[in-house]
2 protein chains.
Amino acid sequence: MNTIVEVISPEKLLSHWQGHRNLTRKVIEAFPEKDFFEFSIGGMRSFSALTSELLAMGAPGMKGIVEKQETPFQENSQELTTKEQYLEKWDQATEEINQYWSKLQVEDFNETVNLFGHYNFPVIENILYIIDNEIHHRGQGYVYLRALGIQPPFFWER
Amino acid sequence: MNTIVEVISPEKLLSHWQGHRNLTRKVIEAFPEKDFFEFSIGGMRSFSALTSELLAMGAPGMKGIVEKQETPFQENSQELTTKEQYLEKWDQATEEINQYWSKLQVEDFNETVNLFGHYNFPVIENILYIIDNEIHHRGQGYVYLRALGIQPPFFWER
């Protein structure tokens, strides 16, 4: 008999993350073009700016983890000027994340990597931070959508 | 040599969650008493109502998982009428979660449990859902605080 003796496998953690990324993609799609770039509450960043942060963390974070690079964190939001461009970049990142992930062995998750030359933590902690940060900012996007009178996608739709 | 061959240990996942719960506690504390119960944006629930949901999921969810009960989900927000009562209940839940968690073996995370008689998924998926749902709603609390002109705690403060 084969007993599974792990809390979560690398494959399942990836599909958990990609499920969240799929939901975030739906939230991006739900914004009207103008509001994606301009709407905000209480002096916060627009959802496009928040999305730029997520894009700068996801695939580049995985690259840094897998290649053990310490390239500083860098957002390139000025490059993207339409929702369509964000969605394209989002889908590219989906592929890149999958590719980098396939190079991680289960032992690697407990190795310490100095992500972005700044976050010197075990790989699993850096990855959970990236996922949690996405959930956090997407939750803020839900409030923006509600304030705009738009029904956000269901939280459990992945 | 002992090589760690797991993505995350049960102990680390618990401290990850309790770190998030500690941050959520700070967000509750940051609300003025009145706004905790009354402030909302776009027809959403107040942060006290969101906190009631989190309280109904955390410790009761762990109880359901450990005791394999299918007790339906039930919020008792009407019972709590001050922020102080919420914080007390939050701290009780911290202890209860720790106690239930200590009864979980690593093999249990892949067992399927019909949480609240409705969410028939592996334990790890139910637990991640509970954590992610907390991050999601707390992110919404951040927007409420910003809209109220209050600086929320740093996201990385756990």
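Start by selecting A:Phe116: this residue takes a positive phi near 55 degrees in the hairpin of strand 1 and strand 2 of chain A, which has 3 residues between the strands. Strands here are DSSP runs of E with at least two residues, helices are runs of H or I with at least four, and both are numbered from the N terminus. Before going on, note that this is a predicted model, where local features need pLDDT of at least 70, side-chain atom pairs count only at pLDDT 80 or more, and totals for chains, interfaces and linings use all residues. Residues are numbered from 1 along each chain as its sequence is written, while chains are lettered from A and ligands numbered from 1 in the order in which they are written.

Stay with the hairpin and show residues 112-115 and 119-122 of chain A. These are strand 1 and strand 2, running antiparallel and joined by 4 bridges; strands pair if DSSP finds at least two bridges between them. Pick A:Leu115 and you'll find its bridge partner, A:Tyr119, in strand 2.

Next, select residues 47-67 and 123-147 of chain A. These are helix 3 and helix 5, packed at an angle of about 165 degrees with their axes 10 Å apart. Axes are lines fitted to C-alpha atoms, for helices over the stretch in contact, and angles run from 0 to 180 degrees between N-to-C directions. Helix 3 and helix 5 of chain A are therefore roughly antiparallel, the label for angles over 145 degrees. Want the side of helix 3 to look at? Among its contact residues are A:Phe47, A:Leu54 and A:Ile65, and helix 5 of chain A brings A:Val123, A:His137 and A:Tyr144, among others. Contact means C-beta atoms, placed from the backbone, within 7 Å. By class, this contact has 8 nonpolar, 7 polar and 2 charged residues, with Ala, Val, Leu, Ile, Met, Phe, Trp, Tyr, Cys and Pro counted as nonpolar, Asp, Glu, Lys and Arg as charged, and the others, Gly among them, as polar.

Now bring in chain B. A turn of 180 degrees and a shift of 0.0 Å along the axis lay chain B on chain A with an RMSD of 0.0 Å, superposed by least squares on C-alpha atoms of residues with pLDDT of at least 70 in both. That is the relation of a two-fold axis. The same surface serves both copies: 100% of the contact residues of chain B recur in chain A.

Finally, colour the interface: 32 residues come from chain B and 32 from chain A. On the chain B side, helix 5 gives the most, with 13 residues.

How values were computed
Two residues are in contact if their C-beta atoms, placed from the backbone, lie within 7 Å. Angles under 35 degrees count as roughly parallel, over 145 as roughly antiparallel, 65 to 115 as roughly perpendicular and the rest as oblique.
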